[in-house]
Amino acid sequence: MEEYAQEPCPWQIVDDCGGVFTVGVIGGGVFQAIKSFCNAPVGIRHQLRGSANTVRIQVPQIGGSFAVLGGLFSTIDCGLVQLQGKEDPWKSITSGVLMGLCWLPAVAHWPWWPQR
């Protein structure tokens with residue numbers, strides 16, 4: 001069985017950012033289209049126009065957020081691989097946990113945490 005070969009780390013990070021951006025754009029586009037279609041005023045014209053407008057505005061932001069998180073995950077994963085020198089499944093799990101811990105202050109609203 002042929003071993004799974006990845007690209008070198010700088011290119012892997014860029015490749016993962018692009019792939020995750022695409023996933024965010026497609027998934028976010030479908031979700032935002034359905035959500036805005038249901039929340040628009042009555043009338044097919046209003047629903048289609050509102051849906052298209054919401055997708056046009058929201059989808060690049062969602063895709064960008066996905067790309068940032070994917071890039072952070074890949075960066076941490078590559079750093080852990082370089083640090084230990086070998087690839088194993090625990091590095092991906094650890095990368096996910098560390099990415100979540102880096103992302104947590106941005107989304108958590110704790111009373112003692114300074115607000116932006």
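# Exercises on a three-part helix tour

At 46% relative accessibility, Ile93 counts as partly exposed. This is a predicted model, so let's work through it step by step.

**Exercise 1.** Find the helix that holds Ile93 and the surface patch to which Ile93 contributes.

*Solution.* Start with the helix: Ile93 sits in H3, residues 89-107. Next, check the exposure class: partly exposed runs from 20% to 50% relative accessible area, and Ile93 has 46%. Patch members need over 30%, a cut-off that the 46% of Ile93 passes. Finally, collect the partners: Ile93 joins Trp90, Val97, Leu98, Leu101, Trp103, Leu104 and Val107 in a nonpolar surface patch of about 780 Å².

**Exercise 2.** Work out which residues of H3 are buried, and name a helix that helps to cover them.

*Solution.* The buried residues in H3 are Lys91, Ser95 and Met99. Look at their spacing along the helix. An α-helix has 3.6 residues a turn, so residues three or four places apart point the same way. Then turn to the cover: H2 is part of what lies over the buried residues of H3.

**Exercise 3.** Check the end-to-end lengths of H1 and H3 against the expected spans.

*Solution.* Take H1 (residues 9-39) to begin with: 31 residues at 1.5 Å a residue should span 45 Å, and the end C-alpha atoms are 43 Å apart, which agrees. Now H3: its 19 residues should span 27 Å, and the end C-alpha atoms are 27 Å apart, which agrees too.

**Exercise 4.** Describe the surroundings of Phe73.

*Solution.* Phe73 belongs to helix H2, residues 44-84. With 27% relative accessibility, Phe73 is classed as partly exposed. Setting aside residues up to four places away in sequence, Phe73 touches Ser92, Ser95, Gly96 and Met99. Two of these contacts, Ser95 and Met99, appear among the buried residues of H3. For a link in another direction, the C-alpha atoms of Phe73 and Asp16 are 9.0 Å apart, although 57 residues separate them along the chain.

**Exercise 5.** Is Asp77 buried or exposed, and which side chain of opposite charge is nearest?

*Solution.* Asp77 is also placed in H2. Asp77 is buried and has no salt bridge. The nearest side chain of opposite charge is Lys91, 7.4 Å away, whereas a salt bridge needs a distance within 4 Å. Beyond its sequence neighbours within four places, Asp77 contacts Gln12, Glu87, Lys91, Ser92 and Ser95. Of these, Gln12 is one of the buried residues of H1, and the buried residues of H1 pack against H2.

Notes:
Residues numbered from 1 in each chain as written. Predicted model: local features only at pLDDT ≥ 70, side-chain atom pairs only at ≥ 80, totals over all residues. Heavy atoms only, no water. Patch = residues over 30% accessible without salt bridge, like charges linked within 9 Å, V, L, I, M, F, W, Y side chains within 5 Å. Areas by Shrake-Rupley, 256 points an atom, 1.4 Å probe, with all protein chains shown as cover. Helix = DSSP H or I, 4+ residues; strand = E, 2+ residues; numbered from the N terminus. Buried < 20%, exposed > 50% of the residue type's maximum accessible area, 1.4 Å probe, protein only. Contact = heavy atoms within 4.5 Å. Expected span 1.5 Å × (residues − 1). Lys, Arg positive; Asp, Glu negative; His and termini not counted.
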